[in-house]
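Trainee: I'd like to learn how to read a protein model. Could you walk me through it?

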Amino acid sequence: GVYSLDEAQNHFNAAVAILDKNPDCASDQQVAEFLVDYTLLLSALGELRKVVNAADKYASRLVSLGDNAQTILIVHHKVMSLVYMGQFRAAKMAQEIISPMADRLGDDRSRAYSLAGEIQVSTVIAPKSIQEFETLSRSALDCASRTNDVYIRSYLHWIIAMDEIHRGRVTKARSIAEETSAIGRQLNDPRPVGVGLGVLGWVALTSEDYGNALTYAQECLRIALTPQDRMTASPIQGAALVLLRKIEAGEAIFSEARKELSALEWRWSLGGVEPIFGVLTILKGQISRGIRIIENAMAVAHQDGWSAGEDWARLLLCGVYLDIISPSQPTALAVVLRNLPVLLRIKFTGSSKILALVEHIRNNPQFDPNGHHIGRCETILGLLYKAKKKRALAVQHLTEAKRIEVQFGPTPMLARIDATLAELR
């Protein structure tokens, strides 16, 4: 409750030692009540593997309780951990155990926790239609609002916002971030405020608003109370610096964030930032290697069944090809000479590669046809056709991009679209 996590961990570890030495010292119900708080602590510490191990270790004692509200809360943390570990199918199987249990119990807290897991799993490997998602989200938020559980009220907003970001509905995600911060102020708890800043950071990063992404990440880090919060913000900070081409500062933070994510098995978050590591490698002059890193991130996301992650990498790869076809700034002669074969190959084949990548992205049913990801596709096509001197097609796609992007307010992308259209006209 006061985020003295180290002190809490000492007490919980002592309790585990007692329980391991004498399993009969506590009833199954007491063990379940203990695990609710213990798994919450481990989640806040970012110790995903330990969450899963704890839930599995005492699974037989939970089963003996039958339908039980504590079991739902514990398995919820297991589902969340499995998602962040990139074990999406295992998370789906665990979620299928608690969904019917929560329905049978029917209390608001159980349903809020269960629906949170259902939304999280659907975001990554089983996307629901927008109508299904909105119905599910409303139900989950209604249930959570009737509890005094700070964690589920703020975390539920986080996962709903992340689903909106996956769909490209960034205005919705921003609105949810504001609601999350309001919850923190209402409950006098700074952590939901940090969650809101994390959402805004991801919104800005995916919207190519790298300056604001950096600001939100730094503010989130300033008020972060848990390792989990810091591991959300650090990759955003590093990625924003890289994409702002502040290479030295970005590499130092980004490399450390990747190292920490890898050590704690945060494969989902790592999959989101790995394509940016490819961009960093390219900016350092290793173009072939950087492209391979992005392509490998696409392959991993495909294998895991995370289609939105796969297409996030595709969008970054389109940007790489476009910048080689039509450079936004001069490339050092030494870099050109060192990468001449790949540069020549992309000069000849890059256009067709971009068209194929964009076609694949636009066919992703999870993406809102009027969302940012599709707007970004239209922007990429407009800039490509401008580079190829196909003015009519360039204007057509950039006009469509503007129609989509203008709804998200003034952004660097919208400014670039307006400037390019003015130049073409």
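Mentor: We'll take pockets, charged pairs, backbone angles and burial in turn. Keep in mind that this is a predicted model.

Trainee: Let's begin with empty space. How do I find it?

Mentor: Rolling a probe the size of a water molecule over the atoms shows where empty space is left. Here, the largest pocket has a volume of about 1,300 Å³.

Trainee: Which residues are closest to the centre of the largest pocket?

Mentor: Arg245, Leu283, Gly319, Asp323 and Ser328 are the closest, out of 42 residues in the lining. Several helices give two or more residues to that lining, among them H12 (210-223), H18 (333-338), H20 (372-387) and H22 (412-424).

Trainee: Which element gives the largest share of the lining of the largest pocket?

Mentor: That's H17, with seven residues.

Trainee: And how many cavities of 30 Å³ or more are there?

Mentor: The count is two. The largest cavity holds about 340 Å³ of space. Its lining is made of 21 residues, and the closest to the centre are Met162, His166, Trp202, Gly272 and Trp306. Helices H9, H11 (190-206), H13 (227-243), H15 (267-283) and H17 (307-325) each supply at least two lining residues. H17 again deserves a look, as it gives the most to this lining, with five residues.

Trainee: Now charges. What should I look for?

Mentor: Side chains of opposite charge can pair when their charged atoms come close. Searching the whole structure turns up 26 salt bridges.

Trainee: Which side chain does Arg245 meet in a salt bridge?

Mentor: Arg245 pairs with Asp323, at 3.3 Å from N to O. This pair links distant parts of the chain, 78 residues apart: Arg245 sits in the loop between H13 and H14, and Asp323 in helix H17. Arg245 counts as partly exposed because its relative accessibility is 38%, and Asp323 is also called partly exposed, at 26%. You've met both names already: they're among the residues closest to the centre of the largest pocket.

Trainee: Where else does a salt bridge link distant parts of the chain?

Mentor: Try Arg49 and Glu265, whose side chains meet at 2.7 Å, N to O. Arg49 is in helix H3 (residues 48-57), while Glu265 is in the loop between H14 and H15, 216 residues apart. Arg49 is partly exposed at 33% relative accessibility, and Glu265 is partly exposed too, at 29%.

Trainee: What about Glu378 and Arg362, how do their side chains meet?

Mentor: In a salt bridge of 3.1 Å, N to O. Glu378 is in helix H20 and Arg362 in helix H19, so the bridge ties together parts 16 residues apart in sequence. Glu378 is buried, with a relative accessibility of 5%, whereas Arg362 is partly exposed at 36%. There's also a network: Glu134, Glu164 and Arg169 are joined by salt bridges that share partners.

Trainee: Next, backbone angles. What stands out when I check phi?

Mentor: Most residues other than glycine have a negative phi. Arg245 has a positive value, near 65°. Glu208 also has a positive phi near 65°, and you'll find Glu208 in the loop between H11 and H12.

Trainee: Last topic, burial. Is Ser154 buried or exposed?

Mentor: Buried, because its relative accessible area is 6%, which falls under the 20% cut-off. Ser154 belongs to helix H9 (residues 150-167). Leaving aside neighbours within four places in sequence, Ser154 is in contact with Thr180, Pro192 and Val195.

Trainee: Is Ala224, in the loop between H12 and H13, buried or exposed?

Mentor: Ala224 counts as buried, at 16% relative accessibility. Not counting residues up to four places away in sequence, Ala224 touches Asp229 and Arg230. Its C-alpha atom is separated by 7.0 Å from that of Arg191, 33 residues apart along the chain.

Trainee: And which residues make a nonpolar surface patch?

Mentor: Look for Leu340, Leu344 and Phe348, which make a patch of about 330 Å². Leu344 lies in helix H19 (residues 340-362), and with a relative accessible area of 43% this leucine is partly exposed.

Notes
Residues are numbered from 1 along each chain as its sequence is written. This is a predicted model: local features need pLDDT of at least 70, side-chain atom pairs count only at pLDDT 80 or more; totals for chains, interfaces and linings use all residues. Side-chain values use heavy atoms; hydrogens and water are left out. Helices (H or I, at least four residues) and strands (E, at least two) are DSSP runs, numbered from the N terminus. Buried means under 20% relative accessible area, exposed over 50%, partly exposed in between (1.4 Å probe, protein chains only). Contact means heavy atoms within 4.5 Å. Patches are made of residues with over 30% relative accessible area and no salt bridge: like charges are joined within 9 Å, nonpolar side chains (Val, Leu, Ile, Met, Phe, Trp, Tyr) within 5 Å. Accessible areas come from the Shrake-Rupley method with a 1.4 Å probe; for residues, only the protein chains shown count as cover. A salt bridge is a side-chain nitrogen of Lys or Arg within 4 Å of a carboxyl oxygen of Asp or Glu. On a 1 Å grid over the protein atoms alone, a cavity is a set of points where a 1.4 Å probe fits but cannot get out, and a pocket is an open set with protein on both sides within 12 Å along at least five of seven lines; lining residues have an atom within 4 Å of a point. Grid points are joined across faces, edges and corners, and a volume is the space filled by probe spheres set on the points.
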